[in-house]
Amino acid sequence: MDAVLEPAIVRDERKANILLVDDRPENLVALEAILDPLGESLWKAYSGKEALRHLLLEDFALILLDAEMPGMNGFETAELIRQRERTRHVPIIFVTAHRESQHMFRSYSVGAVDYMTKPFDPEILRSKVRIFVDLFKKNEQIKRQAELLHQSELREAERRQQEMQESLEREHMRRLTEELEARVEERTKELVQANEEMEAFCYSVSHDLRAPLRAIMSTSMILIEDSGEKLNENDKEQLLRQSAAAKRMGKLIDDLLQLSRLGRKAMERQWIDLSDIAQAVADDMGSRDWPKPISFKVQAGLQAYADPGLAHILLVNLLENACKYSPNGGTIEVGQGERDAFFVRDEGIGFEMKYAHKLFLPFERLVAEGDYEGTGIGLANVQRIVQRHGGKIWAESELGKGATFYFTLG
């Protein structure tokens, strides 16, 4: 159990107030002369009423009170002093010239602590006053010490209450976190299971769709080859269009399957030579039959910390996209520019920047359907690969002046 911090001992260096009450000024001057060596604060009152006014404003360690005063005498004044809560326990010493026993008895009956008759020994008076002043100061010290202790206990109680509140809040947050983690884990399992089921469904659909598509393509080609002489030009054109449509459908199925796999394929990042991968892809693209000759320029020494397989798919899609939209040929460049971003730049048809936000959406195409071959999946695959590496991808272009695709890999 934590110990309550105890306040330091309070030293009272303040002067004590002593009230001198006498209707004769010479008597007050005499009392001042006797008590001044004590170094305390001496207050004077020339009547009982004036004494009561002082007692309303200040706290006093002791009252030296004359018994005989005009108007309100000392005994009446003492009775009023004892009736007030604030002054009830202030010590009163009667200082008077009357030696009658009835005066002495009456002084004690109204609450006086002592009764001194004139003439008196100044040293005895100082000693008695010093005793009551010391007692007053010690009492005041005890009061302040008790107040400090009370304040310290209050602070300690507040500190413990704060600690308890913080502990309860931490426990509440811990429980909320555990509940959230449990929900996330459960949801993750559900999503993993759903993805696995979707992947199985995709493979099943892919297999089921590929078989009839292959049959359509092969049947079309067989009819053209075996019955070509019997078919008119319109029939041949319809069969060729049918075969091409089946081929495009097969490509769309392959691209969709690739898009679904990219989010689940395990990452195996390592330092790779991106220039070598880009050059291999460029060589493959250069061997294809494009409407106009296309050349490739690959910057040497491109290094990236990435998954080699995913980097290859990324460059295939970007370079194929650049070739496809360069109907007039030209040069396609792969390199690294500002902010360490890699780029693929072409001299193709370009696009308007107001449509740039649609570039990486599946099935979104910025050209009319049929003008250029494609499924609208390639750039979506590129964005997913970049995001899995913790990177960014964006494009800059101007209609008719080519396009540049920038990307980082984390």
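**Aromatic pairs and sheet architecture in a predicted model**

A search of the whole structure, which is a predicted model, identifies 8 aromatic pairs. The rings of Trp394 and Tyr406 have centres 5.5 Å apart and planes inclined at 15°, so this pair is classed as stacked. Trp394 belongs to strand E11 (residues 393–397) and Tyr406 to strand E12 (residues 403–407), so the pair ties together parts that are 12 residues apart in sequence. With regard to solvent, Trp394 is partly exposed, its relative accessible area being 25%, whereas Tyr406 is buried, with a value of 16%. The cut-off that separates these two classes is a relative accessible area of 20%, under which a residue counts as buried.

Elsewhere, Phe75, Phe94 and Tyr115 are linked into a cluster by ring pairs. An aromatic ring also takes part in an arrangement with a charged group: the charged end of Arg345 sits over the ring of Phe343, at 4.3 Å from the ring centre.

The protein chain as a whole contains 9 helices and 12 strands. Of its 410 residues, 37% count as buried. Among contacts in the protein chain with a separation of 6 or more, 67% are accounted for by residues 24 or more positions apart.

Strands E11 and E12, which carry the stacked pair, also take part in an open sheet of 5 strands. The order in this sheet is E7-E9-E10-E12-E11, and the pairing is mixed. The edge positions are held by E7 and E11, each of which has a single partner strand, so one side of each is left without a neighbour in the sheet. On average, neighbouring strands of this sheet are turned by 15° against each other when direction is ignored. Strand E7 is joined to strand E9 (residues 330–336) by 5 bridges, and the two run parallel. Within this pairing, Phe296 stands opposite Ile332 in E9. Helix H7 (residues 274–286) packs on the sheet and touches E7, E9, strand E10 (342–345) and E12; the direction of H7 makes about 175° with that of E7. Helix H8 (residues 308–324) likewise packs on the sheet, touching E7, E9, E10 and E12, and the direction of H8 makes about 170° with that of E12.

The surroundings of Ser295 illustrate the E7 edge in more detail. Ser295 is placed in strand E7 (residues 294–298) and is partly exposed, with a relative accessible area of 35%. When residues up to four places away in sequence are not counted, Ser295 touches Gly330, Thr331 and Ile332. Ser295 and Gly330 are 35 residues apart along the chain, yet their C-alpha atoms are separated by 6.3 Å. A polar contact of 2.9 Å is made between the side chain of Ser295 and the side chain of Thr331.

A further open sheet comprises 5 strands in the order E2-E1-E3-E4-E5, with parallel pairing. Its edge strands are E2 (41–45) and E5, each of which pairs on one side only. The twist from one strand to the next averages 20°. Strand E1 (residues 17–21) and strand E3 (residues 62–65) pair in the parallel sense over 4 bridges, and Val21 stands opposite Leu65 in E3. Helix H1 (residues 25–35) lies across E1, E2 and E3 and runs at about 150° to E1. Helix H2 (residues 48–57) packs on the sheet and touches E1, E2 and E3, its direction making about 140° with that of E2.

At the E5 edge of this parallel sheet, Thr117 lies in strand E5 (residues 114–117). Thr117 is buried, with a relative accessible area of 17%. Once neighbours within four places in sequence are left aside, Thr117 is in contact with Thr96, His98 and Arg99. Both Thr117 in E5 and Ser295 in E7 are therefore residues of edge strands, as E5 pairs on one side only and E7 has a single partner strand. Their exposure classes are buried for Thr117 and partly exposed for Ser295.

Technical notes:
Residues numbered from 1 in each chain as written. Predicted model: local features only at pLDDT ≥ 70, side-chain atom pairs only at ≥ 80, totals over all residues. Heavy atoms only, no water. Buried < 20%, exposed > 50% of the residue type's maximum accessible area, 1.4 Å probe, protein only. Contact = heavy atoms within 4.5 Å. Pairing = 2+ DSSP bridges. Axes fitted to C-alpha atoms, helices over the stretch in contact; angles between N-to-C directions. Phe/Tyr/Trp six-rings, centres within 6.5 Å; stacked < 30°, edge-to-face > 60°. Lys NZ or Arg CZ within 6 Å of the ring centre and 35° of its normal. Polar contact = N/O pair within 3.5 Å; in protein donor to acceptor, adjacent residues only side chain to side chain.
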